[in-house]
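Good morning, colleagues. Please bring up the sequence and the structure, and I shall take you through the features I wish to discuss today.

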Amino acid sequence: MGVRKAEQQNRAAVAALPGGQQQKKHKPEQRRKVQPLKHGQQVQRVRNTPPAQPVEKKKKAKRFYDFNLLAAVLFITAFGLLMIYSSSQYTAALRYKGDSTYYFRRQLAIAGAGLVVAITASKFDYHLLEKKWIKYPVFWGSIALLIGVIIMGVASHGQARWIRIAGVQFQPTEMAKVGLIIMLASMIAQRGYYINKWKFAWPCIAVAFLPFILVGQANLSSGLIIAGITAVMLFVSCRMWWFFVAGASCAAAALLFTKPLIEKWVLANNITTSTSYQLRRVLAWAMPERFSTDAYQTLQGIYAIGSGGITGQGLGESIQKFGKLPEAQNDMIFSIICEELGLIGALLVIFLFIIIIWRLALIAINAPDLFGSMLCVGVLAHISLQVILNIAVVTNVIPNTGVTLPFVSYGGSAVIFTLGEIGIALSVSNQIRLE
């Protein structure tokens, strides 16, 4: 009886629901029977069901490597080896007991080592240079070596520019250029847009001032190159263009008006010589005929350029290289190029350097970040300034300062460090992704 009463109460509660509707019992859905396919019959797609799309594999972005820059550097390095052999065989035969290939063989080994350094550096990620454990030791290590040159440097041609460590002699100035480029690129990249404010820009100038002072007191040309690298990198990175325009205008005015003023001063005071090495260089530049002893190298270089004419005397047919032109294979090798290959050969060499500078500019424009771009700008500034200064010295546009022609002149540390900079630029190009 109690069970029946409970059932009646449940029925009454259900009947009392809103609308008087009772809950319906849900029947389980019946599954459709799958009919077996007949011969030749195809499966029909369900309506409103899009077809399955094939999954596309993501293509890896191709990375760029500037083989044009590498080819231009290889070509001009090979050309430099040829000209070193042509310009140095007489001097080498006299100095090294008939071994006319001494300078050529030595330069061939140095260039090979430099190319190994360049290709190896191009395969590393250039962002490693921004790490504190790399950029600080390179920069401050070069500063320590420059101080070491002042204390125990090896003198040559009246100035101590080399240092000898563990039997190896090299110029710390070349290491200082590389260290400065890395340090300035890192500082500019860290500041970003704030580099346009003077309070963020002046530390970059302060960093460059120390190597400029240490280098410039013995090697004016390298000091000018360090100042030029700093100016170009800051000019590209910030908008304070008025500052650089004013500096360039002052430099141009000094170049135009200094020479006449020196001539008047010399004639008025009847000056014949000076005890200052740097002043003698300036006097020989302003009045090479009056100071012919100090201007001997410059005068012989001009004679070589003049005798070359348009087509030149022919490869290997230089006359000035037979003991008349000092350092024919080094600072004054452009004079031998003009004498043997003429104006056409000189223009071809300049054209090769333009190609190298153009490729460096393209890498700087397309670099993946500001740090890589500034590295390429620094390398571009270094090479272009050194080419301009070398040609200007050979043609007596500026005083003789002893700057070499990149990739062409004979030298050890200069060639290796310059090729190392090319390796850094190639490393930046290798990080550019082609879409």
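Let us begin with S186, which, beyond its neighbours within four places in sequence, is in contact with E130, K135 and F371. The residue belongs to helix α5, which covers residues 172-191. Is S186 buried or exposed? Its relative accessible area is 0%, so S186 is buried. I should say at once that this is a predicted model, and that every value I quote is computed from it.

Helix α5 also holds a charged pair. K177 and E174 form a salt bridge, and their closest N and O atoms are 3.5 Å apart. Both residues lie in α5, 3 residues apart, or about one turn of the helix. As a general point, an α-helix has 3.6 residues a turn, so residues three or four places apart point the same way. Both K177 and E174 are buried.

How many salt bridges does a search of the whole structure find? There are 4, and I will describe two others. One of them joins R359 to D66, with 3.1 Å between the closest N and O atoms. R359 sits in helix α11, residues 333-366, whereas D66 is in the loop between β1 (62-63) and α2 (67-95), so this pair ties together parts that are 293 residues apart in sequence. D66 has a relative accessibility of 1% and therefore counts as buried. R359 is likewise buried, at a relative accessible area of 10%.

Another salt bridge is formed by the side chains of D99 and R105, at 2.3 Å from N to O. Here the burial reads otherwise: D99, at 23% relative accessibility, is partly exposed, and R105, at 44%, is also partly exposed.

I now turn to the surface. Which residues form the nonpolar patch there? They are W198, W202, I205, F235, V236, W241, W242, F243 and V245, and together they have about 980 Å² of accessible area. Three helices each supply at least two residues of this patch: α6 (198-216), α7 (220-237) and α8 (241-269). The greatest contribution is from α8, with 4 residues. W198 is placed in α6. With a relative accessible area of 47%, W198 is partly exposed.

Helix α8 merits a further word. Its 29 residues, at 1.5 Å a residue, should span 42 Å, and the end C-alpha atoms are 41 Å apart, so the two values agree. Where in α8 does a kink lie? It is at F257, shortly before the proline P260, and amounts to about 35°. While α8 supplies residues to the surface patch, F244, I262 and V266 in this helix are buried. Just after α8, N270 adopts a positive phi of about 55°.

Finally, the chain as a whole. The protein chain has 13 helices and 5 strands. Of its 435 residues, 44% are buried. Among contacts between residues at least 6 apart in sequence, 70% join residues at least 24 apart. The pairing of R359 with D66 spans 293 residues of sequence. The chain exposes about 25,400 Å², of which carbon and sulfur atoms supply 63%.

To close, I would draw your attention again to two places: S186, buried in α5 with a relative accessible area of 0%, and α8, which gives the most to the nonpolar patch and has its kink at F257. Thank you for your attention.

Notes: Residues numbered from 1 in each chain as written. Predicted model: local features only at pLDDT ≥ 70, side-chain atom pairs only at ≥ 80, totals over all residues. Heavy atoms only, no water. Patch = residues over 30% accessible without salt bridge, like charges linked within 9 Å, V, L, I, M, F, W, Y side chains within 5 Å. Areas by Shrake-Rupley, 256 points an atom, 1.4 Å probe, with all protein chains shown as cover. Buried < 20%, exposed > 50% of the residue type's maximum accessible area, 1.4 Å probe, protein only. Contact = heavy atoms within 4.5 Å. Expected span 1.5 Å × (residues − 1). Bend = angle between axes of the 7 residues up to and from the residue.
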